[in-house]
Protein chains: 2
Amino acid sequence: MESAKLNQSIGIVTPQVARFDEPLALTCGRELPAYELIYETYGALNKAHSNAVLVCHALSGNHHAAGFHSTEDRKPGWWDECIGPGKPIDTNRFFVVSLNNLGGCHGSTGPSSTNPETGKPWGSNFPPMRARDWVHSQARLAQRLEIDCWAAVIGGSLGGMQAMRWSLEFPDRIKHCIVIAAALKLSAQNLAFNEVARQAIESDPEFFSGSYQDHAKVPSRGLALARMIGHITYLSDDAMANKFGRDLRSGSLIPGEETTPEFQVQSYLRHQGSRFSGSFDANTYILMTRALDYFDLALEHGNDPVAAFRQAKCSFLVMSFSTDWRFSPERSREIVNALVEAGRPVSYTEIDANEGHDAFLLPIPRYMDIFSAYMRRVGEQD
Amino acid sequence: MESAKLNQSIGIVTPQVARFDEPLALTCGRELPAYELIYETYGALNKAHSNAVLVCHALSGNHHAAGFHSTEDRKPGWWDECIGPGKPIDTNRFFVVSLNNLGGCHGSTGPSSTNPETGKPWGSNFPPMRARDWVHSQARLAQRLEIDCWAAVIGGSLGGMQAMRWSLEFPDRIKHCIVIAAALKLSAQNLAFNEVARQAIESDPEFFSGSYQDHAKVPSRGLALARMIGHITYLSDDAMANKFGRDLRSGSLIPGEETTPEFQVQSYLRHQGSRFSGSFDANTYILMTRALDYFDLALEHGNDPVAAFRQAKCSFLVMSFSTDWRFSPERSREIVNALVEAGRPVSYTEIDANEGHDAFLLPIPRYMDIFSAYMRRVGEQD
């Protein structure tokens with residue numbers, strides 16, 4: 001690790017685990033008898049307990065959002081660009097809580113955990129999770145940390161969906177809701193990509209209907225494929241063109257030169273897929289994509305997002321990125337229009353960025369500026 | 001089959017096979033010692049042999065472009081909307097030739113054919129094909145059929161790339177070149193989707209490095225995945241939204257109803273994948289996607305498509321579809337701009353269509369009108 005990076009970050013952080021022994025009733029009708037949540041905190045809770053910010057992670061995220069676990073770490077947490085001293089989520093002002101969601105594979109109870117009824121890993125018997133279930137488990141964590149009301153709940157992509165769900169489930173426990181590169185629900189095309197990703201995992205012979213741990217196997221080929229498919233949807237066409245174009249890694253396209261040409265973009269994807277499949281759990285991937293599929297903010301409000309947002313009491317910041325084709329700016333504008341019609345205070349900005357959906361993770365200057373400016377208001381006039 | 005459909009079509013057609021015993025030198029440096037091409041013809045060749053039209057197929061196409069093979073057939077050939085009496089490629093005027101490309105799996109020599117050197121199927125040892133190789137094999141078929149010059153060479157997608165290649169390889173043997181929903185070369189995103197499709201096939205344990213026939217196996221799961229990925233890219237986001245939206249096939253999204261919801265779009269994709277994997281060959285799929293990857297019209301002309309098209313002598317019609325995101329209208333405009341600068345006569349039209357890349361197969365009225373109007377000129381003033 002470069003010491004410059006450590007100095008610009010919150011520094012060395014240590015995850016904690018909270019255990020909850022009261023059963024959690026889930027949206028699917030089942031209940032989780034007991035569970036653990038792994039989480040990290042950055043900054044200090046003030047005396048009034050009014051400066052707490054919850055960060056919700058996306059599909060493949062986890063609790064390690066900022067800082068380093070040790071001086072040996074080569075990379076900081078996944079949102080270190082946005083969380084830290086002087087950064088948009090300024091740890092000099094805010095007490096930031098970041099957890100691994102239920103169903104995850106980084107320390108919170110999930111498909112790899114032991115099912116107390118069988119003594120074996122839950123596998124695909126782990127109950128399906130909805131954004132709503134995560135919000136309820138996060139609310140319990142808030143209670144444990146003596147946070148009655150979040151100054152802000154913040155998330156990108158699936159994290160933004162959790163933030164919106166917070167505004168409806170616990171309108172009195174959230175002051176600001178920051179929704180980045182998200183949507184009110186998945187489109188048919190979004191659903192289709194998720195389905196192919198799951199099919200890739202489920203058709204891997206080492207998946208064993210989700211009980212691969214019992215067989216001491218890992219469906220790594222399927223998970224790598226799923227990641228490759230996802231990865232294409234996170235990058236814009238332009239970003240891929242700029243990053244790789246048609247550059248060759250080896251071989252030649254010139255006629256008569258009998259070598260198999262390999263494009264840079266192809267070996268990059270294979271590398272991404274293989275790295276991911278060594279560090280993520282296949283059942284969690286399936287569970288997370290299903291949570292995305294099932295998310296539909298307005299479903300129980302007659303499919304009317306305006307009616308849904310009438311439940312909310314907080315202020316909103318919505319941000320989108322020009323080349324994001326997974327959750328395009330148009331989808332963010334649907335959120336904004338519904339909020340406006342529901343009479344909620346909302347700021348909206350579309351950031352001009354070349355990087356597609358992934359832009360929400362990157363330190364794009366205008367994005368950082370607007371995010372920081374909004375966060376300076378959070379907690380001030382409340 | 002409905003008799004109305006038979007009456008509107010060219011009727012019952014019978015494929016023929018042409019055998020070529022002279023070796024074909026390939027772009028990769030290898031040669032094919034002998035080969036067969038399966039083809040169909042529709043309409044009659046005139047005395048001057050001046051009314052012949054070549055139809056080139058796309059990734060998963062074949063020689064059966066129009067008409068029916070028997071009265072039992074439920075569906076006509078893949079481009080029956082465009083080929084037949086009174087249709088854009090009017091069989092009352094033109095003699096239409098449609099073949100299965102080398103490397104295919106519908107009757108022409110390909111990976112499933114017997115390698116004369118080993119007595120076993122070629123499998124993945126079948127030489128890689130380029131659009132250029134297909135053009136040369138098609139030129140031999142033209143000679144066999146006593147067609148010195150095509151009135152037109154026509155294709156959509158990968159077929160359009162072959163048509164463009166014809167205009168450069170044999171400028172004196174083509175009068176009109178019709179390029180539909182194509183591009184000068186694949187983008188990094190196009191390459192990425194093809195790579196994931198191939199990875200899906202190659203990581204299927206029943207692929208056996210391409211020698212699955214020797215093991216009496218078929219990598220059907222991988223091929224189904226590859227098709228599902230492809231299928232998403234053929235449809236527009238809008239088309240998927242209109243066709244499926246978030247409609248459920250079974251189950252419920254309502255909280256508390258513990259059934260697994262299944263979206264229509266998901267079962268549709270699975271159905272498409274499974275149907276395709278029962279009728280197409282995995283090695284051919286890999287070969288065809290590589291031919292797409294390797295196509296780069298201007299590569300040997302200093303990456304300058306203007307310099308490339310200066311070799312051409314024919315007239316061009318280029319057509320694109322507004323919601324095609326596989327080969328967007330922008331990519332067609334690159335072709336048109338290069339043709340204009342190279343001084344070639346070119347007509348261009350962008351068809352407003354909701355159906356994405358697949359639109360080139362569909363009878364969209366404005367598309368049919370413009371295609372027909374151009375084809376009426378073909379052969380008239382030449």
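In this predicted model, the crossing of helix 5 of chain A and helix 7 of chain A is right-handed. The contact draws on A:Ser220, A:Leu223, A:Ala224, A:Arg227, A:Met228, A:His231 and A:Ile232 from helix 5 of chain A. Helix 7 of chain A contributes A:Tyr268, A:Leu269, A:Arg270, A:Gln272, A:Gly273, A:Ser274, A:Phe276 and A:Ser277. By residue class, the contact of these two helices comprises seven nonpolar, six polar and two charged residues.

Helix 5 of chain A spans residues 220-234 and helix 7 of chain A spans residues 264-277. Their axes lie 8 Å apart and meet at an angle of about 125°. An angle between 115 and 145 degrees falls in the oblique class, and helix 5 of chain A and helix 7 of chain A are therefore oblique to each other.

Backbone angles were also examined. Most residues other than glycine have a negative phi. A:Asn303, which is not a glycine, has a positive phi, near 55°. A:Asn303 is located in the loop that joins helix 8 (282-294) and helix 9 (305-309) of chain A. Because its relative accessibility is 47%, A:Asn303 counts as partly exposed; the partly exposed class runs between 20% and 50%.

In chain B, a positive phi is found at B:Ser157, also a residue other than glycine, with a value near 60°. B:Ser157 sits in the loop between strand 11 (152-156) and helix 3 (158-169) of chain B. The relative accessibility of B:Ser157 is 6%, so B:Ser157 counts as buried, the limit for that class being under 20%.

Methods: Residues are numbered from 1 along each chain as its sequence is written. Chains are lettered from A and ligands numbered from 1 in the order in which they are written. This is a predicted model: local features need pLDDT of at least 70, side-chain atom pairs count only at pLDDT 80 or more; totals for chains, interfaces and linings use all residues. Side-chain values use heavy atoms; hydrogens and water are left out. Axes are lines fitted to C-alpha atoms, for helices over the stretch in contact, and angles run from 0 to 180 degrees between N-to-C directions. Helices (H or I, at least four residues) and strands (E, at least two) are DSSP runs, numbered from the N terminus. Angles under 35 degrees count as roughly parallel, over 145 as roughly antiparallel, 65 to 115 as roughly perpendicular and the rest as oblique. A crossing is left-handed if the near helix is turned anticlockwise from the far one by less than a right angle, and right-handed if clockwise. Contact means heavy atoms within 4.5 Å. Ala, Val, Leu, Ile, Met, Phe, Trp, Tyr, Cys and Pro count as nonpolar, Asp, Glu, Lys and Arg as charged, and the others, Gly among them, as polar. Buried means under 20% relative accessible area, exposed over 50%, partly exposed in between (1.4 Å probe, protein chains only).
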